[in-house]
Amino acid sequence: QNGRAFMIGIDRNTGRTIGAFEQFVSRVTQVMTTPLGAREHRPGFGSRVPETLARNMGDELLLLAQAHATEAFYNPINGIGDFEPDQVVASRDANGVRLRFTGKWRHRRETFEVHL
């Protein structure tokens, strides 16, 4: 294990055991889908991404969603600052909007997606 802490968690949708990176992606999904101010005891938690989802998703709103998603990584209350995004791409898909993130997590290059 090379001195690294191995974290496991539980997927909040399926109840199955997940590893550290899957747990991280789950946290990012929670941040991206929670509007700022929605949590009474943690009003700074979340992102402004949901603000863009209630409207007709034109290209300018996709760009705004990308900016809001990037901003969420730099909000320490969200607890996702261990990922350093260098690319955030928002796109439309059959079920809504997909955010694709590429960057560094624990000194490794990672890419993952969050569906909204």
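In these legends a residue is called buried when its relative accessible area is under 20%, exposed when that area is over 50%, and partly exposed in between. The model shown is a predicted one.

**Figure 1. Overview of the protein chain, which holds three helices and five strands.** Read from the N terminus on, the elements follow one another in the order β-β-α-α-α-β-β-β. Of the 116 residues in the protein chain, 39% are buried, and the chain exposes about 7100 Å², with carbon and sulfur atoms supplying 50% of that area. Among the contacts in the chain with a separation of 6 or more, 37% join residues that stand 24 or more positions apart.

**Figure 2. Close-up of helix α1, residues 20–33, and of what covers its buried residues.** The end C-alpha atoms of this helix are 20 Å apart, which agrees with the span of 20 Å that its 14 residues should have at 1.5 Å a residue. The buried positions of α1 are Ala20, Phe21, Phe24, Val25, Ser26, Val28, Val31 and Met32. Their cover includes two other helices, α2 (49–53) and α3 (59–73), together with the strands β2 (17–18), β3 (83–93), β4 (96–105) and β5 (108–115).

**Figure 3. Close-up of Ser47, a residue in the loop between α1 and α2.** Is Ser47 buried or exposed? Its relative accessibility is 4%, and Ser47 therefore counts as buried, the limit being 20%. Leaving aside residues up to four places away in sequence, Ser47 touches Val31, Met32, Thr34, Pro35, Leu36, His68 and Ala72. Two of these partners, Val31 and Met32, are themselves buried residues of α1.

**Figure 4. Close-up of the salt bridge between Asp59 and Arg92.** In this pair the closest N and O atoms are 2.7 Å apart. Asp59 lies in helix α3 and Arg92 in strand β3, so the salt bridge ties together parts of the chain that are 33 residues apart in sequence. Arg92 counts as partly exposed, with a relative accessibility of 43%. A search of the whole structure finds eight salt bridges.

**Figure 5. Close-up of a network of salt bridges that links Asp93, Arg98, Arg100 and Glu113.** Within this group, the side chains of Arg98 and Asp93 meet with an N to O distance of 3.6 Å. Arg98 is partly exposed, with a relative accessible area of 25%, and Asp93, at 22% relative accessibility, counts as partly exposed too. The side chains of Arg100 and Glu113 form a salt bridge as well, here with an N to O distance of 3.7 Å. Arg100 lies in strand β4 and Glu113 in strand β5, so this pair ties together parts that are 13 residues apart in sequence. Both ends of the pair are partly exposed, Arg100 having a relative accessible area of 42% and Glu113 one of 31%.

**Figure 6. Close-up of the loop between β4 and β5, where Arg106 and His107 are found.** Which backbone angle marks Arg106? Its phi is positive, at about 50°, although Arg106 is not a glycine. His107 likewise has a positive phi, of about 65°, without being a glycine. As for accessibility, Arg106 is partly exposed, with a relative accessible area of 30%, whereas His107, at 78% relative accessibility, counts as exposed.

How values were computed
Residues are numbered from 1 along each chain as its sequence is written. This is a predicted model: local features need pLDDT of at least 70, side-chain atom pairs count only at pLDDT 80 or more; totals for chains, interfaces and linings use all residues. Side-chain values use heavy atoms; hydrogens and water are left out. Helices (H or I, at least four residues) and strands (E, at least two) are DSSP runs, numbered from the N terminus. The expected span of a helix is 1.5 Å times one less than its number of residues. Buried means under 20% relative accessible area, exposed over 50%, partly exposed in between (1.4 Å probe, protein chains only). Contact means heavy atoms within 4.5 Å. Accessible areas come from the Shrake-Rupley method with a 1.4 Å probe; for residues, only the protein chains shown count as cover. A salt bridge is a side-chain nitrogen of Lys or Arg within 4 Å of a carboxyl oxygen of Asp or Glu.
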